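Colleague: I have a model open and want to learn how to read its sheet and core. Can you take me through it?

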Amino acid sequence: LEQFDARDAVSAALRLVRLQADEAGIKLRGVLPGEPMTVDADRRALKQIVLNLVSNALKFTPSGGSVTVTAQAVDGMFELVVADTGVGIAKDDLERVTQPFFQVETALSRKFAGSGLGLAIARELVNLHKGKLEIESTEGKGTTVRVMLPR
């Protein structure tokens, strides 16, 4: 763990996936505070959390859609929100999507490749920081993943 400005890790992750978003025709937007947001965390782990969540959002969002990444301080916590306008997740699958190797199988999502580890790894990294990961989704409308980490 180290103290650093969380905006740096979030920005670095967004730079890594910017080309992927552009090539897919997806609007990728980062909303970060103007002031430093110091966290006591593992810098690489935070960047990996952002990468995994944004990569998933991009994978399941069709061309013309959007992915918005918001970082802010809320009640002494660091809050990261990744919201997309993608295919969404069925209510029955919400509890299982963070399990290793689980992949949602619907007519909308069947065409997407992957190992099913992105959300599982993100969840474990959040847990190691004594944080919380929540997922809200509506099939056909999109998904919002909220991560809360102690600052």
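Modeller: Gladly. This is a predicted model. Start with one strand pair: S5 and S7 run antiparallel and are joined by seven bridges.

Colleague: Which residue is the bridge partner of alanine 83 in S7?

Modeller: Threonine 144.

Colleague: What is the order of the strands in the sheet?

Modeller: Read across the strands, not along the chain. Here the order is S2-S4-S5-S7-S6. The five strands make an open sheet with mixed pairing.

Colleague: Which strands stand at the edges?

Modeller: Look for strands with a single partner. S2 (27-31) and S6 (132-138) each have just one, so one side of each lacks a neighbour in the sheet. From one strand to the next, the twist averages 10°.

Colleague: How many bridges join S6 to S7?

Modeller: Seven, and the two strands run antiparallel. S7 covers residues 142-150. Pick out individual pairs to fix the register. Isoleucine 135 has valine 145 as its bridge partner in S7. Serine 137 stands opposite threonine 143.

Colleague: What links S6 and S7?

Modeller: Check the connection for a hairpin. These strands form one, with three residues between them. Then check the turn's backbone angles: glycine 140 has a positive phi of about 80°.

Colleague: Now the helices. Which strands does H1 touch?

Modeller: List the contacts, then take the angle. H1 (residues 6-24) packs on the sheet and touches S2, S4 (66-74) and S5 (77-84). Its direction makes about 170° with that of S2. H3 (residues 118-128) also packs on the sheet, touching S6 and S7. The direction of H3 makes about 145° with that of S6.

Colleague: And the core? Which of its residues touch the most other members?

Modeller: The general idea comes first. Nonpolar side chains tend to be buried together in soluble globular proteins. In this model, the largest nonpolar core has 38 residues. Leu53, Val54, Val69, Phe78 and Leu80 touch the most other members.

Colleague: Which element supplies the largest share?

Modeller: H2, with nine residues. H2 spans 43-59. At least two residues each come from H1, S3 (38-41), H2, S4, S5, H3, S6 and S7.

Colleague: What is valine 69 in contact with, leaving aside neighbours within four places in sequence?

Modeller: Its contacts include Val10, Leu14, Leu28, Val31, Val54 and Leu80. Arg29 and Gly30 are among them too.

Key: Residues are numbered from 1 along each chain as its sequence is written. This is a predicted model: local features need pLDDT of at least 70, side-chain atom pairs count only at pLDDT 80 or more; totals for chains, interfaces and linings use all residues. Side-chain values use heavy atoms; hydrogens and water are left out. Two strands pair if DSSP finds at least two bridges between them. Helices (H or I, at least four residues) and strands (E, at least two) are DSSP runs, numbered from the N terminus. Axes are lines fitted to C-alpha atoms, for helices over the stretch in contact, and angles run from 0 to 180 degrees between N-to-C directions. Contact means heavy atoms within 4.5 Å. A nonpolar core is a set of buried Ala, Val, Leu, Ile, Met, Phe, Trp, Tyr and Cys residues joined through side-chain atoms within 4.5 Å. Buried means under 20% relative accessible area, exposed over 50%, partly exposed in between (1.4 Å probe, protein chains only).
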